[in-house]
Amino acid sequence: MIRTTAVPRPVRAGAALVGVLGMVALAGCAGTTTPAADAGETTPATTAPSSSATTDSGTDTGSVVGSAYTDGTYTAEGSYSTPESVETIEVTITLESDVVTAVEVTGDPQAAESQRYQSQFIGGISDEVVGQLVDDVSVSRVAGSSLTSGGFNKALQTIKSEAAA
């Protein structure tokens, strides 16, 4: 039986080709998300971080055992600029086995706004740094005060330089 109203052969061939290409494209997508492939990729990925974690633990243990810093109490000043003035704070840190065991910050605000922010910083800094490895301490904002953090970090760098074993 020959139909005269049938779709022309080139159109049918094109449609068949598009269908085959679509199946190939879908098969390609399915190949990357098969459960077997995911399971194979997950196991090595899980293994790799634990190996790295072991290496990191070894590094951390080495720095604590070797103590990169001499135990003691150190004081340094750090300054920072505000829109109104240049402010200075005095930071005193006690180190034991490279861990911050105590911190005291004294401010000398030149501007009224700085007095408020330094007060908030001083009230919250202990919670942020006590119990931390001194190398892990980098303060960006404490109790809403971000500029005072810059002065603290400068003083901390001076303290680390002085305490370096």
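This is a dialogue on how to read the features of a predicted model.

Biologist: Where should a beginner start, and how many helices and strands does the protein chain have?

Modeller: Start with the inventory of elements and then their order, remembering throughout that the model is predicted. Here the secondary structure comes to four helices and three strands, and from the N terminus on, the elements run α-α-β-β-β-α-α.

Biologist: What share of the 165 residues of the protein chain counts as buried?

Modeller: The share is 25%. The chain exposes about 10,300 Å², of which carbon and sulfur atoms supply 57%. It also helps to look at contacts along the sequence: among those in the chain with a separation of 6 or more, residues 24 or more positions apart account for 54%.

Biologist: Let us turn to the strands. In which sense do β1 and β2 pair, and over how many bridges?

Modeller: A general idea comes before the case: in a regular strand the side chains alternate between the two faces of the sheet. In this structure, strand β1, residues 72-81, and strand β2, residues 86-96, pair in the antiparallel sense over 10 bridges. To find the pairing on screen, look for Gly72, which stands opposite Leu95 in β2. The two strands are joined by a hairpin of four residues.

Biologist: And how many bridges hold the pairing of β2 and β3?

Modeller: There are eight, again in the antiparallel sense, and Ile89 stands opposite Gly107 in β3. These strands also form a hairpin, with two residues between them, and Ser97 in the turn has a positive phi of about 55°.

Biologist: How do I read a single residue within a strand, and which residues does Thr75 touch?

Modeller: Place the residue in its element, then ask about exposure, and then about neighbours. Thr75 lies in strand β1, and Thr75 is partly exposed because its relative accessible area is 39%, which falls between the limits of 20% and 50%. Leaving out residues up to four places away in sequence, Thr75 touches Glu90, Val91, Thr92, Ile159 and Glu162. The side chains of Thr75 and Thr92 are joined by a polar contact of 2.9 Å. Although Thr75 and Glu90 are 15 residues apart along the chain, their C-alpha atoms are separated by 7.0 Å.

Biologist: Is Ser85, in the loop between β1 and β2, buried or exposed?

Modeller: Ser85 has a relative accessible area of 16%, so Ser85 counts as buried, the limit being 20%. Its side chain makes a polar contact of 2.5 Å with the side chain of Glu87. Beyond residues up to four places away in sequence, Ser85 touches Tyr80, Gln110, Ala111 and Ser114.

Biologist: Now for a helix: what span does α4 reach from its first C-alpha to its last?

Modeller: Helix α4, residues 147-163, has 17 residues and reaches 25 Å, close to the 24 Å expected at 1.5 Å a residue. Several of its residues are buried, including Phe152, Leu156, Ile159 and Ala163. What covers the buried residues of α4 includes β1, β2, β3 and α3.

Biologist: How many salt bridges are there, and which residues form them?

Modeller: The count comes to two. In one, Glu113 pairs with Arg116, the closest N and O atoms being 3.4 Å apart. To read this pair, a general idea is useful: an α-helix has 3.6 residues a turn, so residues three or four places apart point the same way. Glu113 and Arg116 both lie in helix α3, three residues apart, about one turn of the helix. Glu113 is partly exposed, at 40% relative accessibility, and Arg116 is likewise partly exposed, with 42%.

Biologist: What does the salt bridge of Asp135 look like?

Modeller: Asp135 pairs with Lys160, and their closest N and O atoms are 3.3 Å apart. This pair links distant parts of the chain, since Asp135 sits in the loop between α3 and α4 while Lys160 is in helix α4, 25 residues apart. With a relative accessible area of 45%, Asp135 is partly exposed, whereas Lys160, at 14% relative accessibility, counts as buried.

How values were computed
Residues numbered from 1 in each chain as written. Predicted model: local features only at pLDDT ≥ 70, side-chain atom pairs only at ≥ 80, totals over all residues. Heavy atoms only, no water. Pairing = 2+ DSSP bridges. Buried < 20%, exposed > 50% of the residue type's maximum accessible area, 1.4 Å probe, protein only. Polar contact = N/O pair within 3.5 Å; in protein donor to acceptor, adjacent residues only side chain to side chain. Contact = heavy atoms within 4.5 Å. Expected span 1.5 Å × (residues − 1). Areas by Shrake-Rupley, 256 points an atom, 1.4 Å probe, with all protein chains shown as cover. Salt bridge = Lys/Arg side-chain N within 4 Å of Asp/Glu carboxyl O.
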